[in-house]
Amino acid sequence: MAKTLFDKLWDAHVVTNLGGNNALLYIDRVFIHERTGSVALKSLEESGRQVRFPDHVFGTMDHIVDTHEGRGDTTLMPSGEDFIKAMREGCAWAGIKLFDINDKDQGIVHVISPEQGIVLPGLSLVCPDSHTCSQGAFGALAWGIGSTEAEHALATSTLRVAKPKQMRIAILGTLPAGITAKDVILHIIGELGAAGATGHAIEFCGPVVDAMDMEARMTLCNMGVELSAFTAVIAPDAKAISFLKGKPYAPKGDAWAEAQTYWQTLKSDNRAAFDRDIAIDVSRLKETVTWGTSPEHAIEISDTVPLTTNTQGCASSESIRKALDYIGLESGTPLAGVPITGAFIGSCTNGRLSDLRRAAAVLKGRHIAKGVKAICVPGSMAVKAAAEDEGLDRIFKDAGFEWRLPGCSMCFYAGGESFDDQERVISTTNRNFENRQGPKTRTHLASPATVAASAIKGKIASFRDIGADTPKDAIPAARTVEVVN
Amino acid sequence: MEKFTSITAIAAPLMRVNIDTDIIIPSREMKRVSKKGLSIGLFAGWRYEDIDARKQNPDFVLNQPKYLGTQILIAGENFGCGSSREHAVWALAEYGIRTIIAPSFSAIFESNCIQNGLLPVTLQADQVAVLADLAIGGAAGIFTVDLVAQTISDPTGQIHAFKVSDNKRQTLMDGLDPIARTLMVEDQIKAFEQKRFTTHPWARL
């Protein structure tokens, strides 16, 4: 019988069927972070259990760590240090490799997992973090879970899972210059709604996905959870394989060759059936930005904020009114030109090297508007080092951006550093929820290029508005670096 | 884990779509490496006029006297979307919520509910709206949510059937520890693992 990619990944991990559509699935890798992993480890230890396969478990400090130079365990989040210490002690107790705060490989879990070759095509990987779906970009069965399920995965190397339905989203056409995966995924969420993929695993495919580099594919899959999907996957191709080659935890020698042979089988069969099939042409897509308090409130930058009489996506007029009340905008206001005083570039969605390059291409030789607080937080130490090698840090700093150390940072407000009360922020992150980035903070989600252009103008703006070249064409030439074997 | 068979309680309507886990428990309210002490932060952004002073917002549904002691929430589509933080479920459970009725839930939130003895009930949006209207009108209505029979009886006595998968239903009714259940098949896990490492040696570190 013809199988989808997701079927193949699923079937390869079934330890035993549990009746109905439920199975006990084997978990190849578990990744944990200090915010939700610390409590899972503590609970496991208290129950007298062990981590069953510590060599297959990894930890990082990303969620509440300080991102200022010279940081230690102290964090701006009240009692945040307790989480950091508990995580470190828990990892030591269990014998888990931890990418600690000032480790040269530290960073946001979904950024460092591929950098390290921890995620691989065909593996199952779970993490008590909803954006684990990002890693599905490599053709892994990767999804977000809660802390109790993390405890289960740590103790048993398995999880009890109900198989979701399947949805194929084909992204057709050719992406216009300067338009990125972030614009695409915001557009898709705007079209399908924040519950658009409830109960489904998504497979992204089509010429636009094929043309994307791995970092763009991760951005795409990252926000699968904002469609309420179980997870998202993309069939691994030569790009995925070459990205992982030589990474510290990727297989070597014969094992690499064997793996590659297997990975080439990881694609949906021609006649495989999906429960839902969606095709979206993005050839005419523009920069996409959110106006409200759900990622489904996404419109093109040249559009106006919807009328409460409109029903966009799944939103009712009442929910539009509530979102407008919170965000402080009137129906019918053009989105471009709305003043902002905060700009944030980073996160597991857009904190990778190509994201920073795109923003830097817009910022180069320019300065942010007066009164704007702008922050760039690279997704990992490796991203930061690579960006600094190219001189991107100088471009950001010269433009008036703060240049920070890796972490989740102001993607969410953990009680420490935040944007101000009712401050309007344009952000490359994934959630514009109420109070997410600070008390009553108003968040507009956008791509790195759009955030950079908006910071320069002091209002929501496109890179086109400041006469910047299309960011795609303006990527700085990578400095030649010596390859050390 | 507390078993779930049937509850009879007041229901509170929270009829907004996409109620995310940041709303259910803001990150700043997760102050200890613990599953406890979280109910004070439940819905903090909506529940308090002044969060630091814990000054209650009288308009918020759970602050209204008639909904005191509520154990059932009736909510809009996509409840529990967003962050995977299980703290959202721990906060709801500690507050006393045992059941949430909505047209849909996020996958991680739904699974977190099952792990903690909370019953997520999925009903058609129009049925949820009927129940919400009954919860809003007049005196607070008493509802019975019966997992054994898979029915909700509303304050007018009308019965609404729902369906929960056998697996989830059994987990909730037995209140068993899933880890203990899984460890009983450790032999099968070992056998699977050995086979996997033979056929896919690259999968082993």
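In chain A of this predicted model, five strands form an open sheet in the order 5-4-3-6-7, with parallel pairing. Its edges are strand 5 (97-99) and strand 7 (141-144) of chain A, each of which pairs on one side only, and the twist from one strand to the next averages 20°. Helix 4 (residues 109-116) of chain A packs on this sheet, where it touches strand 3 (29-33), strand 4, strand 5 and strand 6 (124-127) of chain A, and the direction of the helix makes about 140° with that of strand 3 of chain A.

Strand 4 (residues 57-60) of chain A can be followed on both of its sides. Towards strand 5 of chain A it is joined in parallel by three bridges, and there F58(A) has K97(A) as its bridge partner. Towards strand 3 of chain A the pairing is again parallel and extends over four bridges, with V30(A) partnered by V57(A) of strand 4. In a regular strand the side chains alternate between the two faces of the sheet. In strand 4 of chain A, V57(A) and G59(A) point one way while F58(A) and T60(A) point the other way, and all of these residues are buried.

In soluble globular proteins, nonpolar side chains tend to be buried together. Here the largest nonpolar core has 98 residues, and those with the most contacts inside it are W143(A), I171(A), I188(A) and F204(A). Helix 6 (residues 181-192) of chain A gives the largest share of this core, seven residues. Setting aside residues up to four places away in sequence, I188(A) touches I169(A), I171(A), G193(A), F204(A), L227(A) and I280(A). A second, separate core comprises 90 residues, including A360(A), I368(A), F396(A) and, from the other chain, A102(B).

Near the start of chain A, L5(A) lies in helix 1 (residues 5-11) of that chain. Because its relative accessibility is 0%, L5(A) counts as buried. Beyond its neighbours within four places in sequence, L5(A) is in contact with E203(A), V233(A), I234(A), A235(A), L266(A), K267(A) and S268(A). The C-alpha atom of L5(A) is also separated by 9.8 Å from that of P236(A), although these two residues are 231 residues apart along the chain.

Further along, helix 13 (residues 353-363) of chain A has eleven of its eleven residues buried, so it is largely enclosed by the rest of the structure. The buried residues of this helix include polar and charged side chains such as S354(A), D355(A), R357(A) and R358(A), alongside others including L353(A), L356(A) and A360(A). A360(A) is also one of the residues of the second core. Just after helix 13 of chain A, G365(A) takes a positive phi of about 75°.

Chain B has a mean pLDDT of 95, and 100% of its residues reach 70 or more, while the model as a whole scores ipTM 0.95 and pTM 0.95. Chain B contains eight helices and nine strands, and its C-alpha trace spans about 65 × 45 × 25 Å along the principal axes. Of the 205 residues in chain B, 57% are buried, and the accessible surface of the chain comes to about 8,200 Å², with 53% of that area belonging to carbon and sulfur atoms. Among contacts in chain B between residues at least 6 apart in sequence, 63% join residues at least 24 apart.

Strand 1 (residues 6-14) of chain B is mostly covered, with seven of its nine residues buried, and this strand has two pairings to follow. With strand 7 (residues 142-146) of chain B it pairs in the antiparallel sense over five bridges, and I7(B) stands opposite V145(B) in that strand. With strand 4 (residues 72-75) of chain B the pairing is parallel and runs over four bridges, and there L14(B) stands opposite A75(B).

Helix 4 (residues 107-115) of chain B is likewise mostly covered, since eight of its nine residues are buried. The buried residues in this helix are I108(B), F109(B), E110(B), S111(B), N112(B), C113(B), I114(B) and Q115(B). Just after helix 4 of chain B, G117(B) takes a positive phi of about 75°.

Conventions
Residues numbered from 1 in each chain as written. Chains lettered and ligands numbered in written order. Predicted model: local features only at pLDDT ≥ 70, side-chain atom pairs only at ≥ 80, totals over all residues. Heavy atoms only, no water. pLDDT = per-residue confidence, 0-100. Buried < 20%, exposed > 50% of the residue type's maximum accessible area, 1.4 Å probe, protein only. Contact = heavy atoms within 4.5 Å. Pairing = 2+ DSSP bridges. Axes fitted to C-alpha atoms, helices over the stretch in contact; angles between N-to-C directions. Areas by Shrake-Rupley, 256 points an atom, 1.4 Å probe, with all protein chains shown as cover. Core = buried A, V, L, I, M, F, W, Y, C linked by side-chain atoms within 4.5 Å.
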